[in-house]
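Visitor: I am new to this structure. Could you show me how to read a sheet and a cavity?

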Amino acid sequence: MTPAARISAAIHLMDRIQAGELADRALADWGRKNRYAGSKDRAAIGDIVFEVLRRKQSLAALGAGETGQALLLGYVRANGQDPETVFGVDRYAPPELTDVERASAGSVEAHDGEGADFPDWLWPDLARSHGEQAQAIAQAMRNRAPVHLRVNLAKLSREKAIASLAQEGIVGEPHALSLSAVEVLEGSRKIRNSKPYLNGEVELQDASSQAVADLVPLKQGERLLDFCAGAGGKVLAVAGRIAGDFLAHDVDPRRMKDLPVRASRAGVSVKQVSLKDAQQGPQFDTVLVDAPCSGSGSWRRDPQGKWLLTPEKLGHVVDLQKEILDQAAKLVQPQGHLVYATCSLLECENAFQIKEFLSRSTTFSVTVERHFTPLSGGDGFYCAVLRRD
């Protein structure tokens, strides 16, 4: 496909997404129905769509509208291209620009200021949560997220993993956020078919997420319950650095369907349990709550999420976090730990949530509290480690 044809496909996809379709679903459906597009074309079109979603607000200003045509016109202008070399150049290109579209060029500078490409209604919360860093965080969220791997330290060292990846054409370097973290510089599309990945020597996991797992204060042989396990990334990260008795629970067991395969590949055992089983058994040394959240810290990876979030949805998730914290706290044994984490940048889901929890649960106290933002090279995360008296 020509570059202009890729832009045309992206226009079609953005119209579907703007009409309410999920981006991943639209891209998958387009790929099935357009078999002529090769893997490189599909990847390039996906990259364009996600770039547009990350910068939708400013691109809409540059293209003078929020239709697929206007957004991609803004995208072309933002990248310094002459739209006349893209629109209407051949039969597969997007339609030739109208006189109105030609005259619609906005100013990049006018839309690159404070809070650019961050939901307007959420900007005060981000500014309150991060002060002088808020603008730099918002700017960082407009860029593509790096690709990180977690080295399974139970199998090999980070240095050996980097060397093994290099033999597969995957170039990586150590990342400062975690002793297990590797940032991939080249060859990221080769990871899932590489021997280190298939052998369980490395897993795809954001460096901030790994840093959160590093904060889990589990000792050798102790029992840990991952209370909102999902696919099990956090519990597998903890199991990769220390031997213990690992259990996983999720309110929707279907979210854990990949966990047995991932655990087997990593060479660890993680038992899945229901809430009833967890409540009837002995209490745990550590309960990890990787809570449902706005996902605002990972909006570089899921940029559609920041435009789909509403005040009502955020209020619902804050209430759910409160309920989960209260449930999980009852499963922690005396002198044990409750670890609360979110991939959120918002104070209402993080420090404020813990402050409210401590007002209800006076037997707990905070021993560690950490904030991670894209400015440190990973996703936005929050983690609080609490000890029960």
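Guide: We take the sheet, then the cavity. Keep in mind that this is a predicted model.

Visitor: In what order do the strands of the open sheet come?

Guide: Read across the sheet, not along the chain. Here four strands form an open sheet, ordered E2-E3-E1-E4, with antiparallel pairing.

Visitor: Which are the edge strands?

Guide: Look for strands that pair on one side only. They are strand E2 (171–174) and strand E4 (202–204). On average, neighbouring strands in this sheet are turned by 40° against each other, ignoring direction.

Visitor: How many bridges join strand E1 to strand E3?

Guide: Four bridges link E1 (residues 147–151) with E3 (residues 181–186), and the two run antiparallel. Take Leu149: Val182 in E3 stands opposite.

Visitor: Which helix lies across E1, E2, E3 and E4?

Guide: That is helix H9 (residues 158–166). H9 runs at about 165° to E2.

Visitor: Now the cavity. How does one find empty space?

Guide: Rolling a probe the size of a water molecule over the atoms shows where empty space is left. This structure holds one cavity of 30 Å³ or more. The volume of the largest cavity is about 30 Å³.

Visitor: Which residues line the largest cavity?

Guide: The lining is made by Arg150, Asn152, Gly200, Glu203, Arg262, Arg265 and Ala266. Helix H13 (residues 259–266) gives the most, with three residues.

Visitor: How do the lining residues divide into nonpolar, polar and charged?

Guide: Four are charged, two are polar and one is nonpolar.

Methods. Residues numbered from 1 in each chain as written. Predicted model: local features only at pLDDT ≥ 70, side-chain atom pairs only at ≥ 80, totals over all residues. Heavy atoms only, no water. Pairing = 2+ DSSP bridges. Axes fitted to C-alpha atoms, helices over the stretch in contact; angles between N-to-C directions. Contact = heavy atoms within 4.5 Å. 1 Å grid on protein atoms, 1.4 Å probe; cavity = no way out; pocket = protein on both sides within 12 Å on 5 of 7 lines; lining within 4 Å. Points joined across faces, edges and corners; volume = space filled by probe spheres on them. Nonpolar A, V, L, I, M, F, W, Y, C, P; charged D, E, K, R; others polar.
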